[in-house]
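Trainee: I would like to learn how to read a structure feature by feature, beginning with a single pair of residues. Could you take me through it slowly?

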Amino acid sequence: TNIGYVCFENDSSIVDGIANVFPVFFFAVAALVCITTMNRMVEEQRTQIGVLKALGYSEFRIMGKYLFYSGSAAVLGCLIGFFGGTWLFPKVIWTAYGIMYRMESLQYVFDWKLAVISLAVSCLCSIGTTWLSCRYELGEVAAELMRPKAPKAGKRVLLERVPFIWKRLKFLYKVSYRNIFRYKKRFFMMVIGISGCTALLVTGFGIKDSIANVASDQFHQIQVYDLGVTFGRTVDASLEEDFRETLGERAEGYLVVLETAMDMKAGEEVKSVNLLAFDEEKDLTPYLSLHDTKDVPLALPGPGECVLNEKLADDYGVEIGDTIRLQEEGGRFMDLKVVGKNENFIYNYVYTTLQTYESLMGQKAECKTAYVNTAEDVDAHLLSASLMRMEDVASVTVNADTEERFSNMMQSLDLIVLVVILCAAGLAFIVLYNLTNINITERVREIATIKVLGFYQKETGAYVFRENVVLTLIGALAGLVLGYFLHQYVMNEIRVDMVTFQIHVKPLSYLYSIALTFAFSWFVNGIMGKKLDGISMTESLKSVD
């Protein structure tokens, strides 16, 4: 019931929801990199495999060499990643939340079950791919292995069947598009890797979009009063008179309401909620805005009716027209018909009228809460201090302070989102660097040939990297769609009892995700440009490959 513990538990729930999804996604893309790298390594070594086979080495001995290489890389990488990640990521998150909470030092717990699963997946991706590739190559005779592998047969691509577009393309563009769609495996590997990077970026930005403005929306669109005053006893005529005098000209108005905790029964489910009952003859609008998620105003509940917030209704399967039971600790209860579901972001509320409460509960409502709107240019904190000096006032809550507290809680997620973006950047770099490196290695003779034909440095770079740009565009567009669904899934995994999130991704976040993906791609192209410059025309053209 302590607000500090509740806030900390909610923050932990957000991290927990993210942690349930992101590692799986990172493992999938990391597996893609391992599969591509190991498969390429075995293909590059086919001549050496043929020589070893001709010299009489057994298939097991030959395969063991490559399995040891890939296995040692998998084990070493997994150990560094597991222990480094166990220390680094909790440290970052703990530091971020340390801004708001005063906590003891972090206690590290090593999950050995997770370590075994991580190691098993790493070895399966790395050693499994190497074993399959070696088995395929070793299926051929030694003489065949020692010969250069026949180049992939050329064929028309789909774009060539659209003469209106194909005829208008320049020759070098035609070559690039042919290469893109000719090598299907490289195409899909690149698109999957880049789409994964973009999806992570969309999800990271989307988490911030969905969470960042919760407090602002709650206290500017729903609970629009400035002060919440809780009295030590039921408000009667004399107490209300003293209250009115203390407010004086510093308040535009106030509304006395019943606000109490009750247990809500919906079917077999029981949930603690805040009941808010108000006088049906008083205007509720200046203090509380009842509207649905589409901003359509809701009619005030009539006799025997109530309105409850959308998340509460969805969590417990309550629909409009259903009946819920609200029960006090003493055993008294009332059955209310649900006539509306309102938008609400912080805490869970059921709204009804004082008249309904008194008629169904058989007792007079003990109203101990008042909502106050301050006059223009009046300091809410000074007014709060004046009210606290009243003998019968138990507490005063300034909504601006509550909003700031929740906003600070949400801002601590910025660091987590930054970690996600940096991880996506690292992932994009590894995927792009790896596949671009393979692309160049496979086409050394082709690149050397175009250099001999007189291509300038920039023309050679454009010839190779144009494919990367097109594949990055295709991958980024696919990643936007994948990121939308990944974001929806992650946000549904983040279950916070006292907070409802607006699950959405801003259009600007999609643009940022595409821009960052292209920035990563151009960075890799810049690095790989030096490798292109280093290709020797004479040595490459003399090689058997």
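Mentor: Let us begin in helix α11, which spans residues 237-247 and holds both Glu241 and Arg244, placed 3 residues apart, about one turn of the helix. Please keep in mind throughout that this is a predicted model.

Trainee: What do Glu241 and Arg244 form, and how far apart are the closest N and O atoms?

Mentor: The general idea is that side chains of opposite charge can pair when their charged atoms come close. In this case Glu241 and Arg244 form a salt bridge, with 2.7 Å between the closest N and O atoms. Glu241 is partly exposed at a relative accessible area of 35%, and Arg244 is also partly exposed, with a value of 39%.

Trainee: How many salt bridges does the structure hold, and which residue does Arg233 meet in one?

Mentor: There are 12 salt bridges in the structure, and one of them joins the side chains of Arg233 and Asp236, with an N to O distance of 2.9 Å. Arg233 counts as partly exposed at 30% relative accessibility, and Asp236 counts as partly exposed at 32%.

Trainee: What does the salt bridge between Glu319 and Lys341 tie together?

Mentor: The side chains of Glu319 and Lys341 meet at 3.5 Å, N to O. Glu319 sits in the loop between α12 (310-315) and β5 (323-327), while Lys341 belongs to strand β6 (residues 333-342), so the pair ties together parts that are 22 residues apart in sequence. As for their surroundings, Glu319 is partly exposed at 44% relative accessibility, whereas Lys341 is buried at 13%. Salt bridges can also share partners, and in this way Arg46, Glu137 and Glu140 are joined into one network.

Trainee: Let us turn to cysteines. How many disulfides does the structure hold?

Mentor: A disulfide is a covalent bond between the sulfur atoms of two cysteines. This structure holds 0 disulfides. Cys367, for example, is in no disulfide, and the nearest cysteine sulfur, which belongs to Cys306, is 18 Å away. Cys367 is buried, with a relative accessible area of 10%, and Cys197 likewise counts as buried, at 1% relative accessibility.

Trainee: Which residues touch the most other members of the largest nonpolar core?

Mentor: In soluble globular proteins, nonpolar side chains tend to be buried together. Here the largest nonpolar core has 80 residues, and those that touch the most other members are Ile18, Phe22, Tyr351, Ile440, Val490 and Phe501. There is also a second, separate core of 42 residues, which includes Leu239, Ala277, Ile324 and Leu387.

Trainee: Where on the surface should I look for nonpolar residues, and which helix gives the most to the nonpolar patch?

Mentor: A nonpolar patch on the surface has about 910 Å² of accessible area together, and its residues include Val75, Trp87, Tyr108, Phe110 and Leu119. The helices α4 (59-97) and α5 (112-138) each supply at least two residues of the patch, and α4 gives the most, with 6 residues. Phe110 lies in the loop between α4 and α5, where it is partly exposed, with a relative accessible area of 36%.

Trainee: Is Ser122 buried or exposed, and with which residues is Ser122 in contact?

Mentor: Ser122, which has its place in helix α5, is buried, with a relative accessible area of 17%. When its neighbours within four places in sequence are left aside, Ser122 is in contact with Phe27, Ala74 and Cys78. A charged residue can be read in a similar way: Glu403, in helix α15 (residues 399-411), is buried with a relative accessible area of 17%. With its neighbours within four places in sequence again left aside, Glu403 is in contact with Ala215, Ser216, Phe219 and His220.

Trainee: To finish with the backbone, what is the phi of Tyr347, and where does Tyr347 lie?

Mentor: Tyr347 has a positive phi of about 70 degrees although it is not a glycine, and its place is in the loop between β6 and β7 (349-353). Tyr347 is partly exposed, with a relative accessible area of 27%. Asp377, also not a glycine, has a positive phi of about 70 degrees and lies in the loop between β8 (369-374) and α14 (380-388). Asp377 is exposed, with a relative accessible area of 77%.

Note on methods: Residues are numbered from 1 along each chain as its sequence is written. Side-chain values use heavy atoms; hydrogens and water are left out. Patches are made of residues with over 30% relative accessible area and no salt bridge: like charges are joined within 9 Å, nonpolar side chains (Val, Leu, Ile, Met, Phe, Trp, Tyr) within 5 Å. Accessible areas come from the Shrake-Rupley method with a 1.4 Å probe; for residues, only the protein chains shown count as cover. A salt bridge is a side-chain nitrogen of Lys or Arg within 4 Å of a carboxyl oxygen of Asp or Glu. Helices (H or I, at least four residues) and strands (E, at least two) are DSSP runs, numbered from the N terminus. Buried means under 20% relative accessible area, exposed over 50%, partly exposed in between (1.4 Å probe, protein chains only). Contact means heavy atoms within 4.5 Å. A disulfide is a pair of cysteine sulfur atoms within 2.5 Å. A nonpolar core is a set of buried Ala, Val, Leu, Ile, Met, Phe, Trp, Tyr and Cys residues joined through side-chain atoms within 4.5 Å.
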